[in-house]
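Here's a quick briefing to read with the model open in your viewer. Have a look at the fold first, then work through the points by topic.

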Amino acid sequence: FSIVREGESATVLEAPVRQEGLKLYIAIDSDSFHPDRPGNGGIRLLHYPSDDHAIDDAIRLAEGMTRKHDQFRTGFSGAKLVIKSDHPNLDEVERKNLMEDAADALHVLCGSVYTGCDLNTCD
């Protein structure tokens, strides 16, 4: 893991993936996150024009998840997994291996972030 952005609103980690042309970013909303309130948000796969676009989207979506969780009092803070693909055709992405890489990353985070399927990740 590496911290790719750390700021007032969110922390973004980059987790390893086995496939060429993919990057996995995990954004956690810093305003609401603490050990008793783990992060939760979907996992999204898109072709982004740059790493910064993917990271900015992950932060925006994690902040939006915090608002959703607050509205429904779920007990979670906001988080989002964003996978940046260099492949314009997302059919080239081997999703099974990718989901295994995402699961490995979440396992390392020891229950501090949970996810579910979102854009382009459901088969």
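What follows goes from the overall fold to the cores, a few chosen residues and the salt bridges.

This is a predicted model, so keep that in mind throughout. The protein chain is built from two helices and seven strands, and from the N terminus on they come in the order β-β-β-β-β-α-β-α-β. With a radius of gyration of 13 Å, close to the 14 Å that the globule rule gives for 123 residues, the chain is as compact as a globular protein of that length.

**Overall build**

- Along its principal axes, the C-alpha trace spans about 40 × 25 × 25 Å.
- Buried residues account for 46% of the 123 residues in the chain.
- Take the contacts between residues at least 6 apart in sequence: 71% of them join residues at least 24 apart.
- About 6,600 Å² of the protein chain is exposed, with carbon and sulfur atoms supplying 51% of that area.

**The N-terminal strands**

- β1 and β2 are antiparallel partners, paired over four bridges.
- A hairpin of three residues makes the connection from β1 to β2.
- If you want a spot to check the register, S2 sits opposite E14 in β2.

**Nonpolar cores**

- In soluble globular proteins, nonpolar side chains tend to be buried together.
- The largest nonpolar core here has 20 residues, and L24, I26, L81 and V113 are the ones touching the most other members.
- Several elements feed at least two residues each into this core, namely β2 (10–15), β3 (22–29), β5 (43–46), β6 (77–85) and α2 (95–108).
- There's also a second, separate core of twelve residues, with V12, I59, A62 and V82 among them.
- What does L24 contact once its neighbours within four places in sequence are left aside? The list is L13, E14, A15, V17, L81, V82, I83, D101, A102 and A105.

**N40, a buried residue in a short stretch of strand**

- N40 belongs to strand β4, which covers residues 39–40.
- N40 has a relative accessible area of 18%, so it counts as buried, the cut-off being under 20%.
- Not counting residues up to four places away in sequence, N40 touches M65, H69, F76, S77, G78, A79, Y114 and T115.

**D57 and R44, a buried charged pair**

- Side chains of opposite charge can pair when their charged atoms come close.
- D57 is part of helix α1, which runs over residues 51–72.
- Is D57 buried or exposed? Its relative accessibility is 12%, so D57 counts as buried.
- Beyond its neighbours within four places in sequence, D57 is in contact with R44 and Y48.
- D57 and R44 join their side chains in a salt bridge, at 3.7 Å from N to O.
- That pair ties helix α1, where D57 sits, to strand β5, home of R44, across 13 residues of sequence.
- Both partners, D57 and R44, are buried.

**Other salt bridges**

- The model has eleven salt bridges in total.
- One of them joins the side chains of D52 and R5, at 3.2 Å from N to O.
- This pair links distant parts of the chain, with D52 in helix α1 and R5 in strand β1 (residues 2–6), 47 residues apart.
- D52 is partly exposed, at a relative accessible area of 47%, and R5 is also partly exposed, at 26%.
- Another salt bridge pairs R18 with D101, whose closest N and O atoms are 2.7 Å apart.
- Here the link goes from the loop between β2 and β3, where R18 sits, to helix α2, which holds D101, with the two positions 83 residues apart in sequence numbering.
- The two partners sit in contrasting surroundings: R18 counts as exposed at 53% relative accessibility, while D101 is buried at 6%.
- R18 and D101 also belong to a salt-bridge network that takes in K96 and E100.
- D101 turns up in the core section too, as one of the residues L24 contacts.

Methods: Residues numbered from 1 in each chain as written. Predicted model: local features only at pLDDT ≥ 70, side-chain atom pairs only at ≥ 80, totals over all residues. Heavy atoms only, no water. Core = buried A, V, L, I, M, F, W, Y, C linked by side-chain atoms within 4.5 Å. Buried < 20%, exposed > 50% of the residue type's maximum accessible area, 1.4 Å probe, protein only. Contact = heavy atoms within 4.5 Å. Salt bridge = Lys/Arg side-chain N within 4 Å of Asp/Glu carboxyl O. Rg over C-alpha atoms; globule rule 2.2 N^0.38 Å. Areas by Shrake-Rupley, 256 points an atom, 1.4 Å probe, with all protein chains shown as cover. Pairing = 2+ DSSP bridges.
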